[in-house]
Amino acid sequence: MPAAESPPHEAAWPPLPLAGWRDTYATLHMWTQVVGKTRLALAPMENHWWQCTMYVSERGLTTTPMPAGARLLTVDFDFIDHLLVLRTDAGDTRRLPLVPQTVARFHAQYLEALRELGFAPQMLARPVEVQEAIPFAQDEKHAAYDRDAVHRWWRALVQSDRVFKRFRGGFRGKQSPVHFFWGSFDLAVTRFSGRAAPRHPGGAPNCPDYVMVEAYSHECSSAGFWPGGGPVDEAAFYAYAYPEPEGYGACEVRPAAARYDSQAREFILPYEAVRTSPDPDGALLQFLQSTYEAAATRGHWDRDALERKP
């Protein structure tokens, strides 16, 4: 049987203009926080809060199995059939349709499904890392859901996840998985120098400072993808270092479309520049590698010990 042809760039890396799905993005952000709080409640603590994250799956996003006593619970966002699927190790399942609805309704239906399956995790029922932290049960503001836009965003996540995992292969020091942070709604991968970092000052909106102190306990170079917002009003790849070494922002990075944003204190590569490149994978890998090299060189990392030679 002949191998399937690779999809064209336009299909693999779909267009994702922020203006076209801003309201849906805001709603979906809150829905992922509702589910993400379940991981925060059930999963044992790991360094840098890595136990809280979700992961890209073949159909959407997954919590992976979460322990609740002797039982297991998995919650999946299915962005193909547009369902929220809850499964247990006993074989019980609940499916909730992903349709235009308020966060309050989504939250209520989700809690009811958990109760029907015999789970009652203790969760702080309001969002974090957002300026307007409306309690989930009271959020009647966010209610949009554009199936096509969500599917395109997930397809962009799939491609980003794939390339980020290739990038991970060049490092043998401590590094994170490729994982999705529902607080900031971004897919990220992080490398560490092995040295402790200065205490982080905190300051994330509606988020206790101790969260950021734990997240940035050690020197790191982090990169990721998010739909845009704040000083960068478009879907983009980003890279930053903590602590930011002297001269980091002045480093030349690749490809040519990348720039340093002094307000965000991050290197930015527009998603559109990657999507329309003749070689999207190559463009993104250039960005990941060159921004890492800027952090590692300027930060005096032991690159010979940390990097895997080709």
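**Entry 1. H2 against H3**

I started with helix H2 (residues 22-42) and helix H3 (residues 103-116) in this predicted model. Their axes are 10 Å apart and meet at an angle of about 25°. Angles under 35 degrees count as roughly parallel, so I logged H2 and H3 as roughly parallel to each other. The crossing of these two helices is right-handed.

Next I listed who makes the contact. H2 brings Thr27, Met30, Trp31, Val34, Val35 and Thr38. H3 brings Val103, Phe106, His107 and Tyr110. I sorted the contact residues by class: seven are nonpolar, three are polar and none is charged.

**Entry 2. The pocket at H2 and H3**

I stayed with these helices and looked up the second largest pocket. I noted a volume of about 150 Å³ for this pocket. Which residues line the second largest pocket? I wrote down Val34, Lys37, His107, Leu111, Leu114, Arg115, Phe119, Ala120, Pro121, Met123, Ala125 and Phe136. Val34 and His107 are in this lining, and Val34 of H2 and His107 of H3 also belong to the helix contact.

H2 and H3 each give at least two residues to the lining. H3 gives the most, with four. By class I have nine nonpolar, one polar and two charged residues around this pocket.

**Entry 3. Glu129**

I then checked the loop between H3 and H4, where Glu129 is found. Phi of Glu129 is near 60°. I flagged that as a positive value in a residue other than glycine.

**Entry 4. H4 against H7**

I moved on to helix H4 (residues 147-168) and its packing on H7. The axes of H4 and H7 are 10 Å apart, at an angle of about 45°. Are H4 and H7 roughly parallel or oblique to each other? The angle is about 45°, and I therefore entered the pair as oblique. H4 passes H7 in a right-handed crossing.

On the H4 side, the contact is made by Arg162, Val163, Phe164, Arg166 and Phe167. On the H7 side I found Asp281, Leu284, Leu285, Leu288, Gln289 and Tyr292. The classes here are seven nonpolar, one polar and three charged.

**Entry 5. The cavity**

I searched the whole structure for enclosed space. How many cavities of 30 Å³ or more does the search find? I got one. The largest cavity has a volume of about 60 Å³.

I took down its lining: Phe167, Val189, Arg191, Ser221, Ser222, Ala223, Ala239, Leu288, Thr291 and Tyr292. Phe167, Leu288 and Tyr292 are familiar names here, as each lines the cavity and each takes part in the contact of H4 with H7. Strand S8 (186-196), strand S9 (218-226) and helix H7 (280-298) each supply at least two of the lining residues. The lining divides into six nonpolar, three polar and one charged.

**Entry 6. Cis peptide bonds**

I closed with the peptide bonds in the loop between strand S10 (236-242) and strand S11 (259-261), where Pro243 has its place. Tyr242 and Pro243 are joined by a cis peptide bond, with omega about -10°. Pro255 also lies in the loop between S10 and S11. A cis bond joins Arg254 to Pro255, and omega there is about -5°.

Note on methods. Residues are numbered from 1 along each chain as its sequence is written. This is a predicted model: local features need pLDDT of at least 70, side-chain atom pairs count only at pLDDT 80 or more; totals for chains, interfaces and linings use all residues. Side-chain values use heavy atoms; hydrogens and water are left out. Axes are lines fitted to C-alpha atoms, for helices over the stretch in contact, and angles run from 0 to 180 degrees between N-to-C directions. Angles under 35 degrees count as roughly parallel, over 145 as roughly antiparallel, 65 to 115 as roughly perpendicular and the rest as oblique. A crossing is left-handed if the near helix is turned anticlockwise from the far one by less than a right angle, and right-handed if clockwise. Contact means heavy atoms within 4.5 Å. Ala, Val, Leu, Ile, Met, Phe, Trp, Tyr, Cys and Pro count as nonpolar, Asp, Glu, Lys and Arg as charged, and the others, Gly among them, as polar. On a 1 Å grid over the protein atoms alone, a cavity is a set of points where a 1.4 Å probe fits but cannot get out, and a pocket is an open set with protein on both sides within 12 Å along at least five of seven lines; lining residues have an atom within 4 Å of a point. Grid points are joined across faces, edges and corners, and a volume is the space filled by probe spheres set on the points.
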